[in-house]
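Thanks for making time today. I would like to walk you through one structure, going from the whole chain down to a single residue.

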Amino acid sequence: MLLNPLSAKNFMVKLYRIDEVKIREKKRFKVEGEEVLAIRLKDGLYAVENMCLHAGCQLSFYEGVREDKRIVCTCHGTAFYLNDGRVVEGPAQTPLKVYSVKVTKGELHVEL
Ligand code: FES
């Protein structure tokens with residue numbers, strides 16, 4: 001994994017070339033001990049932590065992204081907005097961690 005330090009705290013991590021990923025495709029990565037779920041939609045790229053904090057299920061098993069950019073945890077049905085990680089409905093109380101994403105020279109990077 002290529003790491004590009006930007007500061008002592010935050011740095012950008014290259015995940016993949018965006019032309020290798022189809023729209024609505026998801027990929028998960030283990031980066032610096034964090035599991036990141038990256039999703040490409042028509043309007044952009046999103047990256048969130050891959051764990052629902054209700055009971056620890058992996059969000060990468062979701063059925064698909066809804067029109068309003070919600071993903072639903074398959075374990076107990078909590079719905080989260082991809083934009084900000086907010087809980088829309090369901091038993092989870094804690095929002096998802098949302099990573100800043102940046103596309104540079106056709107590559108998706110997330111900020112950790
Ligand atoms: S683990 Fe996700 S809703 Fe329970």
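**The chain as a whole**

In the protein chain, 34% of the contacts with a separation of 6 or more are between residues 24 or more positions apart, where two residues are in contact if their C-beta atoms, placed from the backbone, lie within 7 Å. Please keep in mind that this is a predicted model, in which local features need pLDDT of at least 70 and side-chain atom pairs count only at pLDDT 80 or more, while totals for chains, interfaces and linings use all residues. Residues are numbered from 1 along each chain as its sequence is written.

The protein chain has zero helices and 10 strands, helices (H or I, at least four residues) and strands (E, at least two) being DSSP runs numbered from the N terminus. Of its 112 residues, 23% count as buried, that is, with 20 or more other C-beta atoms within 10 Å of their own, the C-beta atoms being placed from the backbone.

Turning to one sheet, three strands form an open arrangement in the order E3-E4-E5 with antiparallel pairing, and two strands pair if DSSP finds at least two bridges between them. Strand E3 (26-31) and strand E5 (44-49) each have a single partner strand and stand at the edges, so one side of each is left without a neighbour in the sheet. Six bridges join strand E4 (residues 34-41) to E5, and Leu37 has Val48 in E5 as its bridge partner.

Finally, is Val13, in strand E2 (residues 11-17), buried or exposed? Val13 is buried, because 20 other C-beta atoms lie within 10 Å, and its C-alpha atom is separated by 5.1 Å from that of His109, 96 residues apart along the chain.

How values were computed
Buried ≥ 20, exposed ≤ 12 C-beta atoms within 10 Å, placed from the backbone.
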